[in-house]
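Dear colleague,

Please find the structure below, handed over for your use. My notes on what was found in it follow directly after.

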Amino acid sequence: MAVDLPFPDPLDEARLAVDAAFRASKAVMEIYSKDFAAQTKKDNSPITMADLESNRIIKEVLASSGLPILSEEDDDDISRLDHDRIWIVDPLDGTSDFVNKTGEFTIMIALVENKKPVLGLISHPTTNSLFLAQSGKGAHMLMDHTWKKLSVSRTSELAKCRAVGSRFHLSEQEKEFFSKLGVLSFESKGSSLKVAEICMGKADLYLTASNKIKHWDTCASYCLITESGGMMTDMNGGEIFYNVEKLNHQNGLLVSNGLVHKQIVDRYRSEYVL
């Protein structure tokens, strides 16, 4: 599917990513509409034919770039560390949402250069929408053949913040911390749609203290949130780098509209960091 991109001078890789996302989304929805089985991976997370087929299609399309691809569904080839530019891909983010038919699953494709995402794409197949950001070009959403530029909210009071969090993995510590922050509004949301909501100004913050979240879960989102005017750090306020040896976010993740970021980091450090 050919589509005009929402900014001038797009990277060549931007068109590749969009093409890969459209093709993978179509295949994923064909599987979603039928009966399918789910297996369990070694880490006890689910996997379906949709994960594998999306992965195959994305790698096939991106192969022409000649760049290494780090994907959730493939073994990590550590030689990627020798490259300044790589793809980081989550072929189906929110497999539990896919299996449970919530509709809140996405496809994520990011291009990293010198350890920072310079291109981020999230496809939401069930709504036929696409989120795209390129470094220095802003973040945009494609819906009904029209691009809309995205911008975070201007909410600066924590009590007025709208928080989003995991439907399947919200911990008791995270529930407790939301209470300590005085956040009254909370909505469960699947996959990378949590960050997409913040990019659209429909939510203000998302956080997780877990060290289980991986770089392919956040890489595309990082570019989108920063280009929307928001922030993504670890829970201690530390900067995030990609295409590094360890693939886990060791100190959790905090995503916000930027205006409340420091307040949350300071409170977290005072409550939980020795």
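**The β5 to β7 hairpins**

In the hairpin of β6 and β7, four residues lie between the strands, and Asn128 there takes a positive phi near 55 degrees. Please bear in mind throughout that this is a predicted model.

The two strands of that hairpin, β6 and β7 (residues 129-134), are antiparallel and pair over six bridges. One pair in this ladder joins Leu119 to its bridge partner in β7, Gln134. On its other pairing, β6 (residues 116-124) runs antiparallel to β5 (residues 106-113), with seven bridges between them. Leu119 appears here as well, as the bridge partner of Leu111. A further pair in the ladder of β5 and β6 sets Ile109 with Leu121.

How many residues of β6 are buried? Nine of its nine residues are, and the strand is described as mostly covered. As for β5, seven of its eight residues are buried, so this strand is largely enclosed by the rest of the structure.

The hairpin of β5 and β6 has two residues between the strands. Most residues other than glycine have a negative phi. Against that background, two residues in this loop deserve attention. Asn114 is not a glycine, yet has a positive phi of about 50 degrees; its place is in the loop between β5 and β6. Lys115, found in the loop between β5 and β6, is likewise not a glycine and has a positive phi of about 75 degrees. Are these residues buried or exposed? Asn114 is exposed, with a relative accessible area of 51%, where the cut-off for exposed is over 50%. Lys115 has 39% relative accessibility and counts as partly exposed.

**The sheet as a whole**

Strands of a sheet pair through backbone hydrogen bonds, either parallel or antiparallel. In which order do the strands of the open sheet stand? There are seven of them, in the order β3-β4-β5-β6-β7-β8-β9, and the pairing is mixed. The edges are taken by β3 (69-71) and β9 (146-149); each has a single partner strand, so one side of each is left without a neighbour in the sheet. From one strand to the next, the twist averages 20 degrees.

Helix α2 (residues 49-62) packs on this sheet, where it touches β3, β4 and β5. The direction of α2 makes about 155 degrees with that of β4.

Two further pairings complete my notes on the sheet. Strand β4 (residues 85-93) pairs with β5 in the antiparallel sense over seven bridges, and Ile88 has Ala110 in β5 as its bridge partner. Strand β8 (residues 138-143) is joined to β9 by four bridges, and these two strands run antiparallel. Within that pairing, Met141 stands opposite Lys148 in β9.

**Helix α4 and its surroundings**

The next element to examine is helix α4 (residues 172-181), whose buried residues are Glu174, Phe177, Phe178 and Leu181. Why do these residues line one face of the helix? Seen down the axis of α4, they fall within an arc of 100 degrees, so they share that face. An α-helix has 3.6 residues a turn, so residues three or four places apart point the same way. On the other side of α4, Glu172 and Ser179 are exposed.

What covers the buried residues of α4? The cover includes β10 (162-165), β11 (185-188), β12 (205-208) and α7 (261-272). Just after α4, Gly182 takes a positive phi of about 80 degrees.

The packing of α4 with α7 can be described in further detail. The two helices pack at an angle of about 120 degrees, and their axes are 11 Å apart. That angle makes α4 oblique to α7. The crossing of the two helices is right-handed. Which residues meet there? From α4 they are Gln173, Glu176, Phe177, Lys180 and Leu181, and from α7 they are Ile264, Arg267, Tyr268, Glu271 and Tyr272. Phe177 and Leu181 of α4 are thus named in this contact and also belong to the buried residues of the helix.

With kind regards

Key. Residues are numbered from 1 along each chain as its sequence is written. This is a predicted model: local features need pLDDT of at least 70, side-chain atom pairs count only at pLDDT 80 or more; totals for chains, interfaces and linings use all residues. Side-chain values use heavy atoms; hydrogens and water are left out. Buried means under 20% relative accessible area, exposed over 50%, partly exposed in between (1.4 Å probe, protein chains only). The arc is that of the directions from the helix axis to the C-beta atoms. Contact means heavy atoms within 4.5 Å. Two strands pair if DSSP finds at least two bridges between them. Axes are lines fitted to C-alpha atoms, for helices over the stretch in contact, and angles run from 0 to 180 degrees between N-to-C directions. Angles under 35 degrees count as roughly parallel, over 145 as roughly antiparallel, 65 to 115 as roughly perpendicular and the rest as oblique. A crossing is left-handed if the near helix is turned anticlockwise from the far one by less than a right angle, and right-handed if clockwise.
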